[in-house]
Amino acid sequence: QEIVLTFARNNKKNQGSPILKSYKVSGIVEHGVYEKDLRFVYLDRKQLIDLFNYTSDSANMALVKLSDYNGLDELKIYQYKLAGKISKDLKIETFWNEFRTLLDAVEIEKLSISMVLQLIVVVAIFNIVAFIIFISERKSQEFYLLRVLGLTIKSVINFWFSMLFAVWFVSCFLSIGLTTIFNFLLMELSIFQLPGDIYVLSRLTIDLTLNDYLIVFGAALGWILLIGCFSIFRMRKRSLLQGIRQEFS
């Protein structure tokens, strides 16, 4: 296909009249950043030099590619060293600096979404903790009665933590299932489709890694074990006589 590009003239006499030039599209370049894909057009350098009547060594931007570097900190060191060796009239920036506003907005959105998700996880953990405390208070009298009948404290502890692990495992399994179902609905239902006139992406999807699951599940397990140990400590602190009196009070 052919497109027509509009250029501003570089001389003062004809600044009011633009330059219209027709070009044939030979291919599409994908940078990985959609904003850059929409804004950048690549032309042959010799044609631009002839169009504006520049000299062959004219340039307003140079790309410096490093062979190898480890991490962003080392890249910034190269940036400062290069800035100290050239003229102060030239500005040295990293390749993502032009899209810093977009990247900063994405980072803020990522942080906000992470905080909201962590709040949901904390509320869910408190619900589980409240359930555990309710069970421990509700069934503690029966545990004391069973201990009087010959059940050892070791058996009570084993049963208690087995029940806690069962609750944690079932909760993790259900959360993975619900996440998969919700992700499927995001991809298939038209109600979750984004308007193409505003957003470049038409669909959103849930992207969770194994580390994300391990962090959430590990934090939930830690809270459950902490409350479970506290309940066992309270139970062992009471004597059998106090427990029996509570049972028949």
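In this predicted model, D50 pairs up with K46 in a salt bridge, with the closest N and O atoms 3.3 Å apart. Both partners sit in helix α2, four residues from one another, or about one turn of the helix. That spacing fits a simple rule of helix geometry: an α-helix has 3.6 residues a turn, so residues three or four places apart point the same way. Charge does the rest, since side chains of opposite charge can pair when their charged atoms come close. Neither end of this bridge is tucked away, as D50 and K46 are both exposed.

K46 turns up again at the start of the same helix. Helix α2 covers residues 45-52, and at its beginning a side-chain oxygen of D44 comes to within 3.3 Å of the backbone nitrogen of K46. So K46 is engaged through its side chain by D50 and through its backbone nitrogen by D44.

The other end of α2 has its own quirk. The helix is followed by N53, which has a positive phi near 60 degrees. Most residues other than glycine have a negative phi, and N53 is not a glycine, yet its phi is about 60 degrees. N53 belongs to the loop between α2 and α3, and it counts as exposed because its relative accessibility of 69% is over the 50% cut-off.

What about other salt bridges? The count for the whole structure comes to two. Besides the pair in α2, E93 bridges to K91, with 2.9 Å between the closest N and O atoms. Here the two partners differ in exposure: E93 is partly exposed, at 38% relative accessible area, whereas K91 is exposed, at 69%.

Next come the aromatic rings, of which the structure holds five pairs. One of them joins F40 and Y42, in a tilted arrangement with 6.3 Å from centre to centre and 35 degrees between the planes. F40 is partly exposed at 29% relative accessibility, while Y42 is exposed at 52%. Another pair is F52 with Y54, where the ring centres are 5.7 Å apart and the planes meet at 20 degrees, so this pair counts as stacked. F52 is buried, with a relative accessible area of 14%, and Y54 is partly exposed, with 43%. These two rings also belong to something wider: ring pairs link F7, Y23, F52 and Y54 into a cluster.

Nonpolar side chains also show up on the outside. V64, L82, I86 and L90 make a nonpolar surface patch of about 330 Å². L90, one of its members, lies in the loop that connects α3 (71-85) with α4 (100-148). L90 is exposed, with a relative accessible area of 56%.

Which pieces make up the overall fold? The chain's secondary structure comes to seven helices and two strands, and from the N terminus the elements run β-β-α-α-α-α-α-α-α. Of the 249 residues in the chain, 16% are buried. Farther along the sequence, I153 is found in helix α5, which covers residues 153-188. I153 is partly exposed, at 23% relative accessibility. The C-alpha atom of I153 is 9.5 Å from that of I232, although 79 residues separate the two along the chain.

Finally, the cysteines. How many disulfides are there? The count comes to zero. As for the burial of individual cysteines, C172 is buried, with 10% relative accessible area, while C229 is partly exposed, at 42%.

Notes:
Residues numbered from 1 in each chain as written. Predicted model: local features only at pLDDT ≥ 70, side-chain atom pairs only at ≥ 80, totals over all residues. Heavy atoms only, no water. Phe/Tyr/Trp six-rings, centres within 6.5 Å; stacked < 30°, edge-to-face > 60°. Buried < 20%, exposed > 50% of the residue type's maximum accessible area, 1.4 Å probe, protein only. Disulfide = S-S within 2.5 Å. Patch = residues over 30% accessible without salt bridge, like charges linked within 9 Å, V, L, I, M, F, W, Y side chains within 5 Å. Areas by Shrake-Rupley, 256 points an atom, 1.4 Å probe, with all protein chains shown as cover. Salt bridge = Lys/Arg side-chain N within 4 Å of Asp/Glu carboxyl O. Polar contact = N/O pair within 3.5 Å; in protein donor to acceptor, adjacent residues only side chain to side chain.
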